[in-house]
Amino acid sequence: MTEASPIVLIVDDEVQIRRFLRTGFELNGFVVHEAATGGEAIRTATLRPIDIAIVDLGLPDMDGSEVVERIRSWSNVPIIVLSVRANEANKVQLLEAGADDYVVKPFGMAELLARVRVALRRQSRAATGEPTVVVGPLTIDLAARAVLLNGQRLALTPKEYRLLQVLAQHAGNVVTHQHLLKEVWGSIHVHDTHYLRIFVRKLRQKIEPNPEMPRILMTELGVGYRLAQMPAEGEPAWATAEAGGSEAQAKPDA
Amino acid sequence: MQKTVLMASLRQQALHLLLTLGLVVAVTVVLYAAIITTGVTQGSAIYLIPVLIAAVRWGVVPALFAGICGVLASAYFFVAPTYTLIVTDPHEVFNLILFTFTAIIVGQLAAQLKEQLELARQREVDLSDLYSFSRRLAVAFDVSDIHSAIEDHLAAVLQRKVILFGPQREPSAAARRNGGGMPGAVLGAVENMASGHESGGSRAAADGPGGETVVGDGDDIWLVRAVSPSRREFGVIAVNLGHASPPSQGALRSRIDAVLADATATLERLGVAHAIGEARMRAQTEQLREALIGSVSHELRTPLASILGAATVLAAAPALKNEKSLKALVQGVHDETERLNRDIQNLLDASRISSGGVRPHLEWTDPTDILHSALRSCARRLADRAVAIDIPQDLPLVHVDAVLVQQALVQIIDNAAKYSQAGSRIAIAAAARDGRLSVSVRDEGAGLTEIDKATMFHRFERGERHAATTSGSGLGLWIANAFITANGGKLEAVSAGPGLGSTLTVELPATHSAVAQLESDADD
């Protein structure tokens, strides 16, 4: 994000939400396009170069998930969905439809910016073929298939490594239970969530400096798991910690 | 028309008599053969067999006929002098008279038995129809369920096409729903009937007793009448009588009367009139509630999302970088918006619970995940408390709706923080024993009185000592309790007394088997 300003497309029918998002993004050096309807969003995404899209679920002309699917059908631009609480099944469905992540309304600007930066970083890592993912004390070298904690190489079983690898490929973004189960155990096990629970527990014992208080492999209840992105530097402490209100996902523990 | 029906019944009677005669002939042949081959002489009692068969199968007339034929046959074939109907031996005369009486009495008894049997069978069918009808009524959820139950019951009993028009049902819509085939004249009659009843039933009375109308339409004749003359809410019914002739029509109509009287009695016994009104009200309440929740969700939370988002943008704005007091204001806006959001969420959860809308999506979950997630959500409320966490690494998996349990725990922890002093200790511990997983939250706060303990899980219940000093809606623990119960667990509170802190414990069913099985399911 140091070179050219990233371009964000905001899709929401509420003018006040667009307004604060525009200000928030512009203050952080983004170029902003707005769309109030799904149709407009798809047109803009087709006609203008964009680096990331923020899509609200309740649009007047079509469902947010349809916008996600339509954009995803020809573009791999990162998409972050603005969702409501208490609808985990819906979140999972959106992630499966191609959204990269979600933020629960009401949310703070810092939380959304953190998600956006993660998605952009992941995009550029994919573009440059950068093989290492660093999460705090943990380094995952995808090329060498090596995992280091504080510089010490860890011995992981093939399944544990595969699990970590899938999470690292989406570092910072949530990965659904179904996706993890399919990638690690195969499609016939997509409903065997208990496999995942046990292996996540085993993996945490190896990669977490303090397995009682996971800071690296984070839980998104009812949705999936996420390899944490560490808090960005230079943001107000409370905005980072509490931006998402009671549903804030990425914040340091008390 | 009357003739044809009579003819049919006569034809059937004649057939029965013919069959009876056949039986007597067969018995005679058998008896004759027996006498020739074995020399048996006393055989007239065997003629009771055709009498019994005829009585049981075809009724009293064929039975008597069988008796007469039996007497004649034995007089002719087997009583000396044979091959004449003359009987000379007084002994034989006595025998034949005895046989005749026996045949008459046995025939009548058997025929009566048969009649009763048939009656009982018919009654059984009727009863089982009525029974299944009342069962359907019992599970009927709304008015249209009740209407189609009545419709199906009548159609099954009468074996005729039946269409029921409820008081709220558009006649034409009902007819369409039944696949059409309903002439306009019938619809007109139904509408008249319905509106006639509405204006006091005077018009219906003009149409005949009980408000019946018969509408002929080319091929078919339809009977239109109110289900119950006195209860308008049961609706109007149209029955296709087919091409039936007036007399058989009459029979069918009295059958319809009987069935409708039964159905009405059932309906009244079940309080269906009341239930119909109730169901309609329930449906309307449900709709209203859904609409309210939907609009509350959207109308209140959309501006909240804008306010909260804008506050975070402002707080991070370069212009406010060195404005401490302004930043504190923005922080205030942010915090209060969050509180408002939590209150709205509680109200929505509460209405979801009281309308039975909590449907847990059960999944194998690591309780550690739920606990961490709850702690993350409460991080800020716990910031100035001394939090002690004791979560063993070998907790069994639980089969629960992780999100509901997490939300319950957030309410409990939130409550512990709300009623305790800054700097006090809050201990959160999990343990597994006896197939149960327990999570306890212990605070050193206000504690509980006996009254608190009794009422704390009630809706809108707030401890009297704190109602004035601590803000809250009184929903938190009620919601927590409902969510835990929905997951098959229970929530309990213990306290040494006021001012001595309290411990809330969540118990959930856990299993070691799934874990054990997986532990053996070794990694490759």
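Start by selecting Val8(A) and Val32(A): Val32(A), in β2(A), is the bridge partner of Val8(A). Before moving on, note that this is a predicted model, where local features need pLDDT of at least 70, side-chain atom pairs count only at pLDDT 80 or more, and totals for chains, interfaces and linings use all residues. Residues are numbered from 1 along each chain as its sequence is written, and chains are lettered from A and ligands numbered from 1 in the order in which they are written.

**Chain A: the sheet**

Now widen the selection to residues 7-11 of chain A, which is strand β1; 5 bridges join β1 to β2(A), and the two run parallel. Strands here are DSSP runs of E, at least two residues long, and helices are runs of H or I of at least four, both numbered from the N terminus. Two strands count as paired if DSSP finds at least two bridges between them.

Next, bring up the rest of the sheet. It is open, has 5 strands with parallel pairing, and reads β2-β1-β3-β4-β5 in chain A. Look at the edges: β2 (31-35) and β5 (101-104) of chain A each have a single partner strand, so one side of each lacks a neighbour in the sheet. On average, neighbouring strands are turned by 20 degrees against each other, direction ignored.

Add residues 15-27 of chain A. This is helix α1, which packs on the sheet and touches β1, β2 and β3 (52-56) of chain A. Contact means C-beta atoms, placed from the backbone, within 7 Å. The direction of α1 makes about 165 degrees with that of β2(A); axes are lines fitted to C-alpha atoms, for helices over the stretch in contact, and angles run from 0 to 180 degrees between N-to-C directions.

Zoom out: chain A has 9 helices and 12 strands, and buried residues make up 48% of its 254 residues. Buried means 20 or more other C-beta atoms within 10 Å of the residue's own, C-beta atoms being placed from the backbone.

**Chain B: strand β11**

Jump to residues 502-511 of chain B, strand β11, and show side chains. Ser502(B), Leu504(B), Val506(B), Leu508(B) and Ala510(B) point to one face and are buried, while Thr503(B), Thr505(B), Glu507(B), Pro509(B) and Thr511(B) point to the other and are not.

Then add the partners:

- β9 (436-443) of chain B runs antiparallel to β11(B), with 7 bridges; pick Ser438(B), whose bridge partner is Glu507(B).
- β10 (490-495) of chain B is also antiparallel to β11(B), with 6 bridges; Ser495(B) pairs with Ser502(B).
- β7 (397-400) of chain B, antiparallel too, has 2 bridges to β11(B); Leu397(B) stands opposite Thr511(B).

Finish at the hairpin of β10(B) and β11(B), with 6 residues between the strands; Gly497(B) in the turn has a positive phi of about 140 degrees.

Key: Contact = placed C-beta atoms within 7 Å. Buried ≥ 20, exposed ≤ 12 C-beta atoms within 10 Å, placed from the backbone.
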